Amino acid sequence: MLRCMREHPNVELARRAWDAISRGDAESLRETMSPGVRWLATARGTPWAGEHRGHEAVVDMLARVGEVSDFFQADLVDVLASDDRALFVFHAVFRLRGRVAELDYLLLG
C-alpha cells in the first residue's frame with residue numbers, strides 16, 4: 001500500500017512565498033518572511049545587487065527587479081526544506097539593458 005506523505009511545513013511555506021512573489025502580492029510575501037529576513041543578491045552589475053534587510057527592503061528589491069528589467073521570468077524547479085531552512089532552486093531568464101541572461105539560482109531561506 002502506498003502512503004502519501006505530506007511535504008515538510010517549510011516546503012509549504014516556501015511555496016506560498018514563491019506564489020506571492022509570482023503574483024506580485026507583497027502583503028502575502030511579508031506574512032511568509034521572518035522579521036529578521038536578510039536577502040543577499042550577488043548579481044553583480046544589477047540594480048538589485050547587495051544586502052537587503054527586513055520585509056520592506058526585500059519587497060522593494062524584488063519590485064526593482066521587475067521595474068528595471070526589460071523581461072524577467074523565473075520558474076521554480078524545486079524546494080528542499082528542513083526544520084530550520086528552505087532552499088529554492090529556480091531558473092531565471094531576464095533581459096537588462098539589451099543583454100540576456102539565463103541562469104540557475106539557489107536561494108537559501
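# Notebook: helix α3, the β3–β4–β5 strands and the core

I began with helix α3, residues 55–68, in what is a predicted model. At 1.5 Å a residue, I expected its 14 residues to span 20 Å, and the end C-alpha atoms are 20 Å apart, which agrees.

Next I looked up which residues of α3 are buried. They are Val58, Val59, Met61 and Val65. These four cover an arc of only 160° around the axis, so they sit on the same side of α3. An α-helix has 3.6 residues a turn, so residues three or four places apart point the same way. I then asked what covers the buried residues of α3. The cover includes α2, β1 (38–41), β2 (50–53) and β3 (71–81).

**Threonine 32**

I turned to α2, which runs over residues 26–32 and holds threonine 32. Is threonine 32 buried or exposed? I found a relative accessible area of 14%, and the cut-off for buried is under 20%, so threonine 32 counts as buried. A polar atom of its side chain lies 2.7 Å from the backbone oxygen of leucine 29. Not counting residues up to four places away in sequence, threonine 32 touches Leu13, Arg16 and Ala17.

**Strands β3, β4 and β5**

I followed β3 into strand β4, residues 86–96; the two pair in the antiparallel sense over 10 bridges. They form a hairpin, with four residues between them. I checked two positions across this pairing. Glutamine 73 stands opposite valine 93 in β4, and phenylalanine 72 has phenylalanine 94 as its bridge partner there.

I then took the other pairing of β4, with strand β5 (residues 99–108), which is also antiparallel and has 10 bridges. Here the hairpin has two residues between the strands, and arginine 97 in the turn has a positive phi of about 55°. Across this pairing, histidine 91 stands opposite aspartate 104 in β5. The bridge partner of leucine 87 in β5 is leucine 108.

Which side chains of β4 point to the buried face? I noted that the side chains alternate along the strand. Ala86, Phe88, Phe90, Ala92, Phe94 and Leu96 point to one face and are buried. Leu87, Val89, His91, Val93 and Arg95 point to the other face and are not buried.

**The core**

Last, I looked up the largest nonpolar core, which has 25 residues. Leu29, Met33, Trp39, Trp48, Phe88 and Phe90 touch the most other members. The elements that give two or more residues to this core are α1 (9–23), β1, α3, β4 and β5. β4 gives the most, with six residues.

I picked phenylalanine 90 for a list of contacts, leaving aside its neighbours within four places in sequence. Phenylalanine 90 is in contact with Trp18, Ala74, Asp75, Leu76 and Val77, and also with Leu103, Asp104, Tyr105 and Leu107. Aspartate 104 had already come up in my notes, as the residue opposite histidine 91.

Conventions
Residues are numbered from 1 along each chain as its sequence is written. This is a predicted model: local features need pLDDT of at least 70, side-chain atom pairs count only at pLDDT 80 or more; totals for chains, interfaces and linings use all residues. Side-chain values use heavy atoms; hydrogens and water are left out. Buried means under 20% relative accessible area, exposed over 50%, partly exposed in between (1.4 Å probe, protein chains only). A polar contact is a pair of N or O atoms within 3.5 Å; within protein, one must be able to donate a hydrogen and the other to accept it, and residues adjacent in sequence count only if both atoms are side-chain atoms. Contact means heavy atoms within 4.5 Å. The expected span of a helix is 1.5 Å times one less than its number of residues. The arc is that of the directions from the helix axis to the C-beta atoms. Two strands pair if DSSP finds at least two bridges between them. A nonpolar core is a set of buried Ala, Val, Leu, Ile, Met, Phe, Trp, Tyr and Cys residues joined through side-chain atoms within 4.5 Å.
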